[in-house]
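Visitor: Hey, can you walk me through this one? I'm new to reading structures.
Guide: Sure, let's take a look together.

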Amino acid sequence: MCLEVARVHHGLVVGQPNVGKTLLCLRLAQASSNLVPLIIHESPSGGIVERRLHLKDAISTLVSAKPHTTVGIQTLALGFGVKVSERFLLDDTTGLTPDIEDQMVRSGMARTLERIVCATVILHVVDASAGLARNQLNRTDELIRSVSMATKVPYFLIFNKLDLAGAPEKAVSYRKRHRETKIFSISALKDIGIEDLLDNLRRASVVK
Amino acid sequence: MAVRTDSIRPIINEFESNRIGMHSALTKLQGAIVRNQGGSAGSETSLEDAYLTPERIRALRAEVLRPLDDLVGLSGVKSVIESIFAHVMVQRMREDVNLIYDRTVDHMAFTGNPGTGKTTVARMLGQIFANLHILTSGHVVEVERADLVGEYVGHTAQKTRAALQKALGGILFVDEAYALARGGERDFGREAIDTLVKGMEDHRGELIVVIAGYEREMQHFLSLNPGMHSRFPIHVHFADFTDIELTEIAYRIAKDRDYKLTPSAVQALRRMLAKERTMSTFGNARTVRNIMEAAMRDQAARVINLEYPTRDDLMKVEAVDVFGGGESAPWSGSGSTQRW
Ligand SMILES: Nc1nc2c(ncn2[C@@H]2O[C@H](COP(=O)(O)OP(=O)(O)OP(=O)(O)O)[C@@H](O)[C@H]2O)c(=O)[nH]1
Ligand SMILES: Nc1ncnc2c1ncn2[C@@H]1O[C@H](COP(=O)(O)OP(=O)(O)OP(=O)(O)O)[C@@H](O)[C@H]1O
Ligand SMILES: [Mg+2]
Ligand SMILES: [Mg+2]
């Protein structure tokens, strides 16, 4: 189930549905000058569709306010580095949540779960504007965080939707309590904080 | 990463075929990853481990609240804790289905006469809340006025903040909290109260403050300080123990230390308790403890004179031991109110 391509960096983008995983992936592609990314979509049952899309079109077709827009694994390459060892693939995934109605979506989540052990970097996206109770992630996110940490690969916790009310305060107060975690505050929508995140990804993926 | 993918396959299958939920899958996955790295995955039965099925809740309840169940009497206390347990479980279930939830437990006021178990219960609660992941460590920091109030301006805030800091992750138990209000307007006690209240807000969810003391003084204190009532929404009253309960406590103390009370010793104990109860120094369970400790000492003084004491002789506490051999029983006077 892990793509065994030697020394290719696999960033896994995980999080609950609708937190902005897909838009973040596209922003990272954009910031890394991959303006017409090749997007490989693997459905939960294994069917593969490849398309090359302009970013603008990718955003309008792949991003939506509807939960579970992305079902399956959607891979694109970041445009930095020419050497194979510097290639960086981002795997966008099906959002994880405990209430699941559809079997297809459940299978999509199963594909997300199995990729966790393949990743060389984990990008965990949370919606900073949504019900964060007292400096705590909700339980699903807390569990995603623990399982990610257990893999011992670099782990980035990304507070998205910084542009929305209340989000900056929540990100700051969470950061205060969890200084050991690498935390980023971004807005995928307003394109804030993406460069910094990309820099850190680049650094985390220097071949050792 | 070196995780063998076949070790996680069964977990993924269980999840995909809807035999386990998301939270359970994530927890198991973490366990598999940690085990793969040669570590220990921690307890499989931890609270975070699985979806809360009715059986799980029953098992958790039995496991977590058992020490409390083992206490004699205290039915009012037990039912309050029971409802806190229900709150925590329901919030956890709400969280599982992404409803708004609040995992914090409110601060509490314990009222009751000396020796009714306030400190004992606070210590147990620390452990219970740690097991329920409400508190990170569950230790109890016991303070009273002298620990919070300082000698000069600023000193009090500093001392109170230090106490709060020490209690983070656990319970701050403020004995006779109303003593903080006793000095009037200019007293540093006020500053301690203000600092305490501010600390409770700043550290919401990180510690539970329990104020304890006599019922009447506590009611007065809470009514004097508007806003205090709502800051300590959980009120737990510790009623005086009945004679039957006190006797049961005596049995337990004896049993825990491999002693046994003869029927006449129980009679003696009952009589003494009736007398003690009328005195201002009466300390409920503490009085029983003191009587029992004195009785065990007196038993030794008696048994040492037996020629070849049997196992039974060594265990038996008789009426004479309880009475302490006459008028000036060692448990009387200041003995019965002494703090242990
Ligand atoms: N305000 C705001 N909205 C955002 C931001 N990032 C994403 N969104 C919106 O959130 C919604 C979900 O974005 P997606 O990128 O599709 O989220 P996802 O996590 O991939 O969602 P699924 O694939 O359905 O799990 C869309 O309506 C986005 O426009 C942000 O930074 N700020
Ligand atoms: N329900 C009980 N069963 C058995 N022993 C008890 C019980 N409650 C209290 N005790 C014992 O009684 C003694 C006094 O209890 P504790 O210190 O908790 O009382 P308290 O209410 O805090 O008293 P004070 O207000 O004087 O501090 C302790 O030794 C404790 O072990
Ligand atoms: Mg998506
Ligand atoms: Mg006490």
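**Two helices, then two chains**

Guide: In this predicted model, helices α11(B) and α12(B) are oblique to each other, and that follows from their crossing angle, so let's start there.

Visitor: OK, at what angle do α11 and α12 of chain B cross?
Guide: Roughly 130 degrees, with the two axes coming within 10 Å. Helix α11 covers residues 243-256 of chain B, and α12 covers residues 263-277.

Visitor: Is the crossing of α11(B) and α12(B) left-handed or right-handed?
Guide: Right-handed. On the α11(B) side the contact is made by D243(B), I244(B), L246(B), T247(B), A250(B) and Y251(B). From α12(B) come V266(B), L269(B), R270(B), L273(B) and R277(B).

Visitor: What kinds of residues are in that contact of α11(B) with α12(B)?
Guide: Seven are nonpolar, one is polar and three are charged.

Visitor: Switching topic: how many residues of chain B are in contact with chain A?
Guide: 37 residues of chain B, and they touch 34 residues of chain A. Together the chains bury about 3,200 Å², with 57% of that on carbon and sulfur atoms.

Visitor: How many salt bridges are there between chain B and chain A?
Guide: Two. One of them joins E114(A) to R9(B), where the closest N and O atoms are 3.1 Å apart.

Visitor: Last thing, which residues have a positive phi without being glycine?
Guide: H68(A) is one of them, with phi near 60 degrees. H68(A) sits in the loop between α2 and β4 of chain A. Another is N284(B), at about 45 degrees, and N284(B) is found in helix α13 of chain B.

Conventions:
Residues are numbered from 1 along each chain as its sequence is written. Chains are lettered from A and ligands numbered from 1 in the order in which they are written. This is a predicted model: local features need pLDDT of at least 70, side-chain atom pairs count only at pLDDT 80 or more; totals for chains, interfaces and linings use all residues. Side-chain values use heavy atoms; hydrogens and water are left out. Axes are lines fitted to C-alpha atoms, for helices over the stretch in contact, and angles run from 0 to 180 degrees between N-to-C directions. Helices (H or I, at least four residues) and strands (E, at least two) are DSSP runs, numbered from the N terminus. Angles under 35 degrees count as roughly parallel, over 145 as roughly antiparallel, 65 to 115 as roughly perpendicular and the rest as oblique. A crossing is left-handed if the near helix is turned anticlockwise from the far one by less than a right angle, and right-handed if clockwise. Contact means heavy atoms within 4.5 Å. Ala, Val, Leu, Ile, Met, Phe, Trp, Tyr, Cys and Pro count as nonpolar, Asp, Glu, Lys and Arg as charged, and the others, Gly among them, as polar. Buried area is the accessible area (1.4 Å probe) that two parts lose on being put together, summed over both. A salt bridge is a side-chain nitrogen of Lys or Arg within 4 Å of a carboxyl oxygen of Asp or Glu.
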